[in-house]
Amino acid sequence: MSDVLTRPAPPPDVVLRYGDHPDHVIDLRLPATQTGPLVIFVHGGFWRAAYDRAHAGPLAADLAARGYPVACPEYRRVGQSGGGWPGTLDDVAAALAALPDLVRPHADPAGAILVGHSAGGHLALLNAHTPGLAGVVALAPVADLGAAYRAGIGSDAIAALLGGGPHEVPSRFDRADPARRGPLPVPTVIIHGDADDSVPVENSAGYAASVAGDLCRITVLSGVDHFALIDPLSPTWENVVTAVGELR
């Protein structure tokens, strides 16, 4: 596991609140001068309480140093009261809806780019229809929940999130699975390493080929693992920065 998950980072410049729960917060890091659009980064961790937004600190600080304001929303997760179905999904949608007004006193939220990693990549794809987005970057996303459920990824993380499988809770998959939502409405870049042993690259590749549509392209990186995509000290990180820059 990459040390990026525990690497310290400068604290956020502002902590915004979008709801009443202690985890209804958004860390905002600000550049000295804004030269790029707002980046909204949704963290991963298989939707579980053990992983929070703190591990996004290093990448958020790196992007802020490059001129991007960066907002990292937190959300209730599996293992917390109200987390899982439907609280996790509801929280992310609520945070995204509130973000423009919350950010506007501090930075220009126009043309925001939604970025997510792993489970956060799933949440980014699921919320690609959010008004005002210029594009989406999904890093090693769990793009097809049905396929992920059948593969048992993340120690059966899909069943833990939704409370069962596609035949048990089909309406939940209808809402939660990007693979059931049809083509993406905004330009989207999926980046996935072929050495990823947390979320198989086939999950993204199948989704990109059969569902995502013409506005989506996928980049498969040879020899790259799951965590290099969010590690600003990794050479792989420049692929992410480039993708964000191309969508601005």
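Is W47 buried or exposed? At 1% relative accessibility, W47 counts as buried. The legends below describe close-up views of a predicted model.

**Figure 1. Overall view of the predicted protein chain.** The protein chain contains 8 helices and 8 strands. Its C-alpha trace spans about 50 × 40 × 35 Å along the principal axes. The radius of gyration is 16 Å, which agrees with the value near 18 Å for a compact globule of 248 residues. Of the 248 residues, 58% are buried. Among contacts between residues at least 6 apart in sequence, 70% join residues at least 24 apart. The average pLDDT of the chain is 97, and 100% of the residues score at least 70. Confidence is highest in strand β3 (residues 39-42), at 99, and lowest in helix α8 (residues 237-247), at a mean of 97.

**Figure 2. Surroundings of W47, in the loop between β3 and α1.** W47 has a relative accessibility of 1% and is counted as buried because the limit for that class is under 20%. Leaving aside neighbours within four places in sequence, W47 is in contact with R77, V78, T88, A119, H122, L123, V142, L145, A157, I158 and L161. With one of these residues, H122, the side chain of W47 also makes a polar contact through its own side chain, at 3.3 Å. The C-alpha atoms of W47 and R76 are 8.4 Å apart in space, while the two residues are 29 apart in sequence.

**Figure 3. The nonpolar cores, with W47 and V142 in the largest.** The largest nonpolar core has 52 residues, and W47 and V142 touch the most other members. Helix α2 gives the most to this core, with 6 residues. A second, separate core holds 30 residues, including V115, I191, L221 and F227. W47 and V142 are also in contact with each other.

**Figure 4. The salt bridge between D27 and R53.** The closest N and O atoms of the D27 and R53 pair are 3.0 Å apart. D27 lies in strand β2 (residues 25-29) and R53 in the loop between β3 and α1 (57-65), so the salt bridge ties together parts that are 26 residues apart in sequence. Both D27 and R53 are buried. For D27 the relative accessibility is 8%. Not counting residues up to four places away in sequence, D27 touches P12, V14, V15, R53, V70, A71 and C72. The side chains of D27 and R53 are also joined by a polar contact of 3.0 Å.

**Figure 5. E74 in the loop between β4 (70-73) and α2 (87-103).** E74 is buried, with a relative accessible area of 1%. Its side chain is joined to that of R77 by a polar contact of 3.0 Å. Beyond neighbours within four places in sequence, the contacts of E74 are Y18, D23, V25, H43, D52 and R53. R53 is thus named in two of these views, as a contact of E74 and as the salt-bridge partner of D27.

**Figure 6. Salt bridges of D62 with R66 and of D90 with R175.** The structure holds 13 salt bridges. In the pair D62 and R66, the closest N and O atoms are 2.7 Å apart. R66 is partly exposed, with a relative accessible area of 34%. The side chains of D90 and R175 meet in a salt bridge at 2.6 Å, N to O. This pair links distant parts of the chain, with D90 in helix α2 and R175 in helix α6 (residues 170-176), 85 residues apart. D90 counts as partly exposed, at 34% relative accessibility. R175 is partly exposed, with a relative accessible area of 34%.

**Figure 7. The salt-bridge network of D23, D27, R53, E74 and R77.** Which residues are joined into one network by salt bridges that share partners? They are D23, D27, R53, E74 and R77. Within this group, D27 and R53 form a salt bridge with closest N and O atoms 3.0 Å apart, and a polar contact of 3.0 Å joins the side chains of E74 and R77. E74 is also in contact with D23 and R53. R77 is in contact with W47 as well.

Terms used: Residues are numbered from 1 along each chain as its sequence is written. This is a predicted model: local features need pLDDT of at least 70, side-chain atom pairs count only at pLDDT 80 or more; totals for chains, interfaces and linings use all residues. Side-chain values use heavy atoms; hydrogens and water are left out. Helices (H or I, at least four residues) and strands (E, at least two) are DSSP runs, numbered from the N terminus. Buried means under 20% relative accessible area, exposed over 50%, partly exposed in between (1.4 Å probe, protein chains only). A polar contact is a pair of N or O atoms within 3.5 Å; within protein, one must be able to donate a hydrogen and the other to accept it, and residues adjacent in sequence count only if both atoms are side-chain atoms. Contact means heavy atoms within 4.5 Å. pLDDT is the predictor's confidence in each residue, from 0 to 100. A nonpolar core is a set of buried Ala, Val, Leu, Ile, Met, Phe, Trp, Tyr and Cys residues joined through side-chain atoms within 4.5 Å. A salt bridge is a side-chain nitrogen of Lys or Arg within 4 Å of a carboxyl oxygen of Asp or Glu. The radius of gyration is taken over C-alpha atoms; the globule rule is 2.2 Å times the number of residues to the power 0.38.
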